[in-house]
Amino acid sequence: MKRGAAAAKINLALVVGPLREDGRHEVLTVYQRVALADRLAISRAADLRVEGFAEDTLVRRALECVADGNGVSFAARIQKRIPVAAGLGGGSSDAATALRLANELRDEPLAHDRLRELAHDLGADVPYFLEDGPQLGSGDGSDLEPLELPQDYWVLLVLPKGANKKSTRDVYAAFDERQGADGFDARRARLVEALAGVRRPRDLAALPPNDLAESPLAGELRALGAFRADVTGAGPVVYGLFLHGDQARVAQKRISPKGRTWLTAPAWYR
């Protein structure tokens, strides 16, 4: 049996462009892993099964992808801590962790490049969760480049009370309807320029805002001392970045009537 953590991510920036021929959008995004994580246990089994999370589809697909074809399959148990459909990549992280752990149980493990190909088939952000450290995602989000970003800050996550999350597909459809891709090249250039100037945590405040979604809670978090606050992914979770733990804990207490909260920190390793 293999056990592992499947960490959540936040998008420190998300610039979205036009629809591609493959049906996905061109993006430039900054992925940052955080310490909030699901837990997975994978073992060899005669029949594929996934327990602990009835809504799962991605882990099952991941285990099907990595089965060795010799009658040996895998069983997974998922312990969920990351909120579902919240913009934190929990399902994608679970799938990547299942791929990695099941691959370690194979008689002949697949090469990392092959594992990345399988991850990409599962979703554009799944390959990110096979890598360590912050990454710049381009193309459909799966072309990755390591980033050296500061990690010494606190992350406050807020899932707004009563949030009615649209599907990611619907969020992108609304983006297309409002001609959101206009000016993509200029916004992408601004993100690249801002990243070049990041040395300290506060420098992350210069990154452009999320193209897909916004929330008034971001402004409230900034008023409570966050040096950067924005929606992650397609939402609805909002994050606030704080330099000091005491300040972050006060903000968590004050914002808690607005939704469910988690206080966490950046994480480097998968």
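Strands β1 and β2 run antiparallel and are joined by 14 bridges, a pairing described here from a predicted model. Of the 18 residues of β1 (residues 2-19), 13 are buried, so this strand is largely enclosed by the rest of the structure. Across the whole structure a search finds 18 salt bridges, and the points below take up some of them together with the hairpin, helix α4 and several backbone features.

**The β1–β2 hairpin**

- Within the pairing of these strands, K2 has I42 of β2 as its bridge partner.
- Five residues lie between the strands of the hairpin formed by β1 and β2, and in this hairpin G23 adopts a positive phi near 90°.

**Salt bridges**

- Side chains of opposite charge can pair when their charged atoms come close.
- R20 and E26 form a salt bridge in which the closest N and O atoms are 3.3 Å apart; E26 is partly exposed at a relative accessible area of 22%, and R20 is likewise classed as partly exposed, with a relative accessibility of 27%.
- A salt bridge also brings together the side chains of D107 and R44, with an N to O distance of 3.3 Å.
- Because D107 sits in the loop between α2 (90-105) and α3 (112-122) while R44 belongs to strand β2 (residues 25-45), this pair ties together parts that are 63 residues apart in sequence.
- The two partners fall into separate accessibility classes, since D107 is exposed with a relative accessible area of 59%, whereas R44 is partly exposed with a relative accessible area of 38%.
- In the salt bridge between D203 and R200, the closest N and O atoms are 3.8 Å apart; D203 is buried, with a relative accessible area of 17%, while R200 is exposed, with a relative accessible area of 55%.
- K2, R100 and E104 are joined into one network by salt bridges that share partners, and K2 is the residue named above as the bridge partner of I42 in β2.

**Helix α4 and its surroundings**

- V171, Y172 and F175 are the buried residues of α4; they cover an arc of only 95° around the axis, which means that they lie on the same side of α4.
- R169 and E177, by contrast, are exposed on the other side of α4.
- The cover over the buried residues of α4 includes β1, β2 and α5, so the hairpin strands described above are among the elements that take part in it.
- Just after α4, Q179 has a positive phi of about 60°, although Q179 is not a glycine; this residue lies in the loop between α4 (168-177) and α5 (184-196).

**Other backbone features**

- Most residues other than glycine have a negative phi, and most peptide bonds are trans.
- A85, which is not a glycine, nevertheless has a positive phi of about 50°; it is located in the loop between β4 (73-79) and α2, where it is partly exposed with a relative accessible area of 49%.
- The peptide bond that joins G235 and P236 is cis, with omega at about 5°, and P236 is found in the loop between β8 (228-231) and β9 (238-242).

How values were computed
Residues numbered from 1 in each chain as written. Predicted model: local features only at pLDDT ≥ 70, side-chain atom pairs only at ≥ 80, totals over all residues. Heavy atoms only, no water. Salt bridge = Lys/Arg side-chain N within 4 Å of Asp/Glu carboxyl O. Buried < 20%, exposed > 50% of the residue type's maximum accessible area, 1.4 Å probe, protein only. Helix = DSSP H or I, 4+ residues; strand = E, 2+ residues; numbered from the N terminus. Pairing = 2+ DSSP bridges. Arc of directions from axis to C-beta. Contact = heavy atoms within 4.5 Å.
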